[in-house]
Amino acid sequence: TNRIRAVSAGGAEARALDVPVGAPCLEILRRTHSGGDWVTQVRLLYPGAAHQLVAEFAPAGGATP
């Protein structure tokens, strides 16, 4: 599963990303599983001003036009 949301950088996060505390960030939470068991879980945090999310979506079972 993937979850994507906007968050504000906390103190340690702001220092690690070299942005002000409270700066807008893009957070991606990703979990993978195999055979019904969770295998990995990761949290990715990006400075909002330096990144953007671009995605293409199609209807379930359909091809993109």
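**Surroundings of glutamate 27 in the strand pairing**

The side chains of glutamate 27 and arginine 5 are joined by a polar contact of 2.4 Å, in what is a predicted model. A second polar contact, of 2.5 Å, links the side chain of glutamate 27 to that of arginine 43. Glutamate 27 lies in strand 2, which spans residues 24-34, and its relative accessible area is 3%; because buried residues are those under 20%, glutamate 27 counts as buried. When its neighbours within four places in sequence are left aside, glutamate 27 is in contact with Arg3, Ile4, Arg5, Val7, Arg43, Leu44 and Leu45.

Strand 2 takes part in two antiparallel pairings, being joined to strand 1 (residues 2-8) by 7 bridges and to strand 3 (residues 37-47) by 10 bridges. In the pairing with strand 1, arginine 30 of strand 2 is the bridge partner of asparagine 2, while on the side of strand 3 glutamate 27 stands opposite leucine 45. Strands 2 and 3 form a hairpin with 2 residues between them, and glycine 35, in the turn, has a positive phi of about 60 degrees.

Leucine 45 also belongs to the largest nonpolar core, whose 5 residues are Val7, Ala9, Ala14, Cys25 and Leu45. In soluble globular proteins, nonpolar side chains tend to be buried together. Within this core, cysteine 25 has contacts, beyond its neighbours within four places in sequence, that include Val7, Ala9 and Leu45, and cysteine 25 is likewise in contact with residues such as Arg5, Leu17, Tyr46 and Pro47. Val7 and Leu45 are thus listed among the contacts of glutamate 27 and among those of cysteine 25.

Conventions. Residues are numbered from 1 along each chain as its sequence is written. This is a predicted model: local features need pLDDT of at least 70, side-chain atom pairs count only at pLDDT 80 or more; totals for chains, interfaces and linings use all residues. Side-chain values use heavy atoms; hydrogens and water are left out. Helices (H or I, at least four residues) and strands (E, at least two) are DSSP runs, numbered from the N terminus. Buried means under 20% relative accessible area, exposed over 50%, partly exposed in between (1.4 Å probe, protein chains only). A polar contact is a pair of N or O atoms within 3.5 Å; within protein, one must be able to donate a hydrogen and the other to accept it, and residues adjacent in sequence count only if both atoms are side-chain atoms. Contact means heavy atoms within 4.5 Å. A nonpolar core is a set of buried Ala, Val, Leu, Ile, Met, Phe, Trp, Tyr and Cys residues joined through side-chain atoms within 4.5 Å. Two strands pair if DSSP finds at least two bridges between them.
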